[in-house]
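Welcome! Take a look at the sequence and the structure, and then let's go through some questions together.

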2 protein chains.
Amino acid sequence: MPFGYNGKILRVDLSRKEVTVEEPDEYFYRTYGGGACLGAHYLLKEMSPEVDPFGSDSIIVFAGSVVNGVPVPGFARSAIVFKSPLTGAIADSQAAGYFGPELKFAGFDAIIIKGKSKKPAYLWIRDGEAEIRDASGIWGKTTGEAQDMIRTELGDERIIVAGIGQAGENLVRYACVLNNLKHAYGRLGGGAIMGSKNLKAIAVRGHKKINMKDKETVLSIAKHFSTNFMKESPTDSGLRNLGTAKDVIPQNETGQLPTRNFQTGYFEGAEKISGQRMRDTILVRGEACYACSVRCKRVVKATEPYEVDPIYGGPEYETIAMLGSNCGVDDLVAVSKANELCNKYGLDTISTGANIAFAMECYENEIISKKDTGEIDLRFGNADAMVKMVEMIAKREGIGDILAEGVKRAAEKLGKGAEKFALHVKGEEVPAHDPRVQAHVTLGYTLSSIGADHIRAAHDGAFTPGWIPYFAERVKPLGIIEPLELSSIDHRKIRRFRYFQNVFSMQDTLNLCLLAFLPAFYFTLGELVDMVRAITGWETSLWELLKFGERRVAMFRAFNVREGFTKEDDWLPERMFEGILSGPRKGQKVDKDKLREAIDLYYEMVGWNKDGVPTKGKLAELDLFWVAKELDKHDKYKK
Amino acid sequence: MPFGYNGKILRVDLSRKEVTVEEPDEYFYRTYGGGACLGAHYLLKEMSPEVDPFGSDSIIVFAGSVVNGVPVPGFARSAIVFKSPLTGAIADSQAAGYFGPELKFAGFDAIIIKGKSKKPAYLWIRDGEAEIRDASGIWGKTTGEAQDMIRTELGDERIIVAGIGQAGENLVRYACVLNNLKHAYGRLGGGAIMGSKNLKAIAVRGHKKINMKDKETVLSIAKHFSTNFMKESPTDSGLRNLGTAKDVIPQNETGQLPTRNFQTGYFEGAEKISGQRMRDTILVRGEACYACSVRCKRVVKATEPYEVDPIYGGPEYETIAMLGSNCGVDDLVAVSKANELCNKYGLDTISTGANIAFAMECYENEIISKKDTGEIDLRFGNADAMVKMVEMIAKREGIGDILAEGVKRAAEKLGKGAEKFALHVKGEEVPAHDPRVQAHVTLGYTLSSIGADHIRAAHDGAFTPGWIPYFAERVKPLGIIEPLELSSIDHRKIRRFRYFQNVFSMQDTLNLCLLAFLPAFYFTLGELVDMVRAITGWETSLWELLKFGERRVAMFRAFNVREGFTKEDDWLPERMFEGILSGPRKGQKVDKDKLREAIDLYYEMVGWNKDGVPTKGKLAELDLFWVAKELDKHDKYKK
C-alpha cells in the first residue's frame, strides 16, 4: 500500500510491573478505528466474562483513535473502556482536553492496562517509552495535588496528567478520571477501576508529530470549520458564549429540565443556575480543548457563599441540572462548589447529583432519617446539604458510603420502597435529559449497552429549539429526510434513532467531539470522510466509517450478553411511565406498550435476535465473526 | 428545498385504453430511485400475489432512474420489471442502447403498464404525451420489420422502438424485449408479458433536455471516465477491441467456460468462437450505447455458412458460451446466426442456448428421440441443429413448443430423468458463469430472488485475471480490504458477496452499466455519489445510495415470499454438486454443507429470518415498513 496507518499500542501489566509495545497491522486499525470500538475488542478478547471489575483480571483501556491529535477542532478526545463497577456492563467514558492528543504525540494510540499494583503507582509515558513509578507519596491526595506533585517530580510543567482523587481510591462506583483537573472521563466508575489497581495517575508527554497523508486537506477543512463556527453559531446563546450551560433555560422552557429527582421537568429557579447567570457572575473565562476554536469549557471563581477554585473549571449543563435543579438547588455557587469537589475528589457529577437527589427524595419520604444523614436536613433545595453530600460520598462517610454504591445498590440496601426513587438503567443513573419528552432519549437510555447515557442516547437535541435543524441536517445525507414529531415512537422514529445512534457511535469510535460534530454545518459527513482519508491515507467512505459505529454497538452488546445481560435489562425506571408532575410537559410519560414494540423492532433492525443477541450473520457482516464464536462458546445462541 | 428532483411516471391501462401521468414527490424518488427498485414498489403495491403473469392483472414496468439519460458513459440503461412467466418470481431485465435515455427525453422516468389490449397495439410516447395505437398490421412480424413499420407510420426514422418478435407473441416463457433490435431486456420473459398483453412495441421520441443541478460537474466526471477508460483498459484484449467476447478465452483457460450443458468447463473449440476470432473474421464494427465512449457492442456480418444480418448486432460473451460451447458448437457464424434469430424473434439468447443444450443432453441420453426432433440429429456440436432449434422455439414448432416452456417445465413434461439435465435456479436457466468455480457466483445464483442471473450474481470477475484487482478495488472503500481465494466459501467470502451484491443492486437501481461501473478506476464510488448529487441536487451520500441496493434486494425477496417462495427455492441444480468433468478445474464442485451454512449466515446478514423472510425491523430500517405490513397481511411472519 502506498500509505499505511502505523500505530503503536502500549500494554501495561501492573501485577508484573511490565510495559510492552505492540504494533497492530493496518487491518486492525481499519476494523477497530479507536475509542471504545478498539477498547471493546480487547475487552472481548482478553477478559473473561464475570470478572470482578475490581479484580486484577479486570482491564481498562485508554484509547485514542486513528484520527485523534490532529490540530483540528473536535479531534482532541479519548476514551476509557472497561467493565463498569456500577453496572457490570461495558463502559465507555470520554474526555477531551489534552490527554488524548498528548498520548498520540507520545507515539501511542492506546494503553491496555491489566493487573494490580501492589503499591500505589503511576504510569509515566514519554515519547514512545513508558515506566511504572511509585505513587505512595501521592496516594490520598486530590487530583490537583497529585498533578502538581507528578509534574514536580518529573520536572516538566507541561506534562498531561489523567488521574483519580480520593473517590477513585475509595472505590466509589462512579468515581471518574480527570485530565488537566477539569476534563472528566466521567461516567461509570473508571476512576474506581484505577483505584482498585492502585493506579493513581497516567502522566504523558510527547513530541512526536502526527503523521498525516495529506496535511493540506486536513488544515483546509479545519479552517472551514472555524469559519463556519464563527459565522453560524448563535453568539448570544451559543456554546462559545455560555458553554453547554446555554441549555439550562431552553430545557426548562420546554419542560424537560430534571427537577427534584425527575418529579418534574420545570424548575422555578432555572434562571438562577443558567449559563447567562454564570456569565454575568462567576465566569472567569472560556477555555478550549486542544486545537479547538470553540472554547466551550467554563472556568469559574467565587468566594461567597463558597470558595470555588478556578483550577477545577466550571460546571457543564449536566452538572448544573443534576446537582442543581434535580436536587432542587438554585444556588449557582453551590453547584459550582460541588463541581469543584467532584473534580477534586474525582467523582462523576451526573451520578453524584443523581445519588444526592435520590437520597433527598428518600429523606422526604422518610426512608432516610436525620440519624442516617448525621443530622443533615437532606431535603430538596438545601444547597449546603448537597455540597456536604459530595464530600461524604467521596470519602464514603456515613450515608455517603451507601450512596457511593450508586442508586441501584443503595436502594437495595435501604429497602422500604426506595427502588421507586432509584432512577437508573442497567445500574447507571439517569442523566439530565428526560426520556419522557424526547423519543430518541427514551430509546437511547433503554437500548444503550452502557446504560442511561445522554451522549450515546442519540438525543435529537430538540431541547434547544434553534438546534433542531442542525441535528436533522446531520442524517439527511443518509436519507433520513422526513421531519418527525419529538416524542412519538413509531417505525420511522426508531429508524431515525438507529441512524443517529450509528452516526454517534462512529463519532465515538473516532473520539470526535459531540459538540463540534453535531451541527452538520460545522463538519459535513462528507468532510469527515475527507478528513479521515487525508489523515490515514485510506481510500475510505462514509459507509466504512459508519460500520465503525455499528461494530462498536455490536461489540458492546456482545460484551453484555456474555456477562449475562438479557432483554429484561433493556428497560426504563418506573417513573418514566408516570406523568411529569408540572410544567409545559405536565402529564407526559413513556407508553410501555409502544416501548416494548420499539425494542423488538430495534432488535431486528440492528440484527439482534429475539433475545437481543447479535446474530452470527450480523456479526459476520461487521467482520466480527470471532465475536459470534465467542458468544457461541458461552452458549448464548442456545434457547 | 433549493432544488428538487421532478419527474413524471406514465401509466397505461391497455384494457381501458387509458394513459395518465403522475408526478410522485421527491421523497418517492429518493426512496425508490429507479430501475427495479422503483418497479418492485409498484408490483408490491398494485399487483396481488398469485396473479397469472399472462393475465390482465399482471403489471410490467419500464423504468429509468433519476440519473439515466445524462450524456455520460454508463448511464444509458433502463429496466423492465414484472412477474416472470418463467419463474413466477420477480424479474428485472435491463438493456442499454437508446430506449432509456429517449424515454427520459420524452419526459418520463417510467411506464407502468397494466391490463390487456383486445387487439394488437403499440404505445407511442412523444414529449410528455402518449397514445395507444393499433398494431394489427405489425403483429406476427419480426422485431426488425415491426420497427421499420412503426417508424414509417409515424414518419420519424429517429424513433426508438422497444418491441417483441414472434417469440413474445407466442408466449415463449423466455421471450425478450429488444430496443434498436440489438439491445435486449433479455431474461425472464418480459417479451412474453408484452405478448400476453397484445402489446407489440413501445415507440418513443423526446426532445426534452435532462435537468441537471450542476451540469459542469457531471460533464467533468464524464470526461474523467473517458480519459481513464482510454488510458487503463487493455487495448488488445479489452472491451472496446473485443466486446464482452473478450472473456471466452480466459474463461476457457481458467476452466469455467460452460461446455455441453455444463458437463465441463473446458471447450476444445473455444478459440474458434473467441472475441479475437470474431474481430479477425466477421466483425463489421463496434457500436456504442447512448453517450458511451466504450463501444463494446459488436456488429457482425456473414454470408457463409449462414447469412447474418448486421442490423441485429453481434453476439455477446454469454450468447457465444450458451449457444456455442454449451451446445458444443465451435462455429462462430452459426452462433452469430442464432444470435440474429434470437434478436429477430425476440428470444433470450441465454435461456435459448440453455434449453437447446438441455435438449441435446436429453437427446444423447435417449430421453428425446429423432421422432421428437423431427429427424434433427440433436447431438452436441451440431451447429445446424442448434440454429434450427432457435427457429423452432420461437415458433413453438415440434419439440420447440416444449423447450419454449423453459428447462424446468420441459423436464417435467419429458420425464425419464430429464430433471438432472435441467440446469436452473427457481426456474431460470443457469447462464455462462460456472457456480462451481466462483464462490460469488455460487452464492449469487442460489440467493438471488430472480434466479440464476449472472448480472446480479455479483460474480467477482476473477475469470478475467487482469480484472481481479479492479473488482477488489470496487469494495475497498467499503472496508473489504482482504484478498480472498476464488472458490472457497467462508464468512468473509459471504460478507464480500453481500457487499458486492449491495453495490451491484444499487447500480441496478440507478440503471448503471455493469461494464462501465465494475472497474473502480473508471468511476470511483465517490465520483458516483458526486454524480448523483450533481444531477439530482440531493445532498446524498454513499450510505444512502447503497441503501437503494438493500431496498431493492429486500423488495425482491418480499415479492417472492408473498408469491409463496420459500427457503427450499434457494438452491442449485444437482450437477453443481458434482465435479466438473475435465479441464483446469476438473473435479471442482460446490460443497453442499458449506452452502447450507452460507445460506443461513447470509439470511442473518441481510436481516431475513430463518425462513428467509425479511424481518419487520430490517424492512423498517429500509423505510419499507409498508412491505412488512403487506407480508403480515399474508401471514408470512406466522410459523
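The questions below move from the interface to the sheets and then to some local details of this predicted model.

Q: How many residues of chain B are in contact with chain A?
A: Let's start where the two chains meet in this predicted model. On the other side of the interface, chain A contributes 35 residues to the contact. The number for chain B is 35 residues.

Q: About how much area do chain B and chain A bury between them?
A: The size of an interface is often given as the accessible area lost when the parts come together. Here, 63% of that area lies on carbon and sulfur atoms. In chain B, the residues B:I481, B:W543 and B:E621 lose the most area to chain A, together 21% of what that side buries. The area buried between chain B and chain A is about 3,200 Å².

Q: How many salt bridges are counted between chain B and chain A?
A: Side chains of opposite charge can pair when their charged atoms come close. One such pair is B:D623 with A:R495, whose side chains meet at 3.4 Å, N to O. Between chain B and chain A, the count is four salt bridges.

Q: Which element gives the largest share of the side of chain B that touches chain A?
A: Across this interface, 20 residue pairs are in polar contact. On the side of chain B, the elements giving two or more residues are α1 (26–32), α20 (491–509), α23 (542–563), α24 (592–606) and α25 (616–621). The largest share is seven residues, and it comes from α23(B).

Q: How many charged residues does the side of chain B that touches chain A have?
A: We can sort that side of chain B by residue class. It has 13 nonpolar and seven polar residues. The remaining class, charged, has 15 residues.

Q: Which strands are the edge strands of the open sheet of chain A with the order β2-β1-β6-β3-β4-β5?
A: This open sheet of chain A has six strands, with mixed pairing. An edge strand here pairs on one side only. The edge strands are β2 (18–22) and β5 (90–95) of chain A.

Q: Which residue in β6(A) stands opposite A:D13?
A: Strands of a sheet pair through backbone hydrogen bonds, either parallel or antiparallel. Strand β1 (residues 9–13) of chain A pairs with strand β6 (residues 110–114) of chain A in the parallel sense, over five bridges. In β6(A), the residue opposite A:D13 is A:K114.

Q: What angle does the direction of helix α23 of chain A make with that of β5(A)?
A: Helix α23 (residues 542–563) of chain A packs on the sheet. There, the helix touches β4 (78–83) and β5 of chain A. Its direction and that of β5(A) make an angle of about 140°.

Q: Which residue in β10(B) is the bridge partner of B:A162?
A: In chain B, six strands form an open sheet of mixed pairing, in the order β8-β7-β12-β9-β10-β11. Within it, strand β9 (residues 160–163) and strand β10 (residues 177–179) of chain B run antiparallel and are joined by two bridges. The partner of B:A162 in β10(B) is B:N179.

Q: Why are A:K618 and A:E621 separated by about one helical turn?
A: The side chains of A:K618 and A:E621 meet in a salt bridge of 3.0 Å, N to O. Both residues belong to helix α25 (residues 616–621) of chain A. They are about one helical turn apart because their spacing in that helix is three residues.

Q: Where is B:P305 found in chain B?
A: Most residues other than glycine have a negative phi, and most peptide bonds are trans. The bond that joins B:E304 and B:P305 is cis, with omega about -10°. The place of B:P305 is the loop between β14 (297–300) and α11 (317–324) of chain B.

Q: What is the phi of A:N180, positive or negative?
A: A:N180 lies in the loop between β10 (177–179) and β11 (183–185) of chain A. This residue is not a glycine. Its phi is about 50°, so the sign to note is positive.

Conventions: Residues are numbered from 1 along each chain as its sequence is written. Chains are lettered from A and ligands numbered from 1 in the order in which they are written. This is a predicted model: local features need pLDDT of at least 70, side-chain atom pairs count only at pLDDT 80 or more; totals for chains, interfaces and linings use all residues. Side-chain values use heavy atoms; hydrogens and water are left out. Contact means heavy atoms within 4.5 Å. Buried area is the accessible area (1.4 Å probe) that two parts lose on being put together, summed over both. A polar contact is a pair of N or O atoms within 3.5 Å; within protein, one must be able to donate a hydrogen and the other to accept it, and residues adjacent in sequence count only if both atoms are side-chain atoms. Helices (H or I, at least four residues) and strands (E, at least two) are DSSP runs, numbered from the N terminus. Ala, Val, Leu, Ile, Met, Phe, Trp, Tyr, Cys and Pro count as nonpolar, Asp, Glu, Lys and Arg as charged, and the others, Gly among them, as polar. Two strands pair if DSSP finds at least two bridges between them. Axes are lines fitted to C-alpha atoms, for helices over the stretch in contact, and angles run from 0 to 180 degrees between N-to-C directions.
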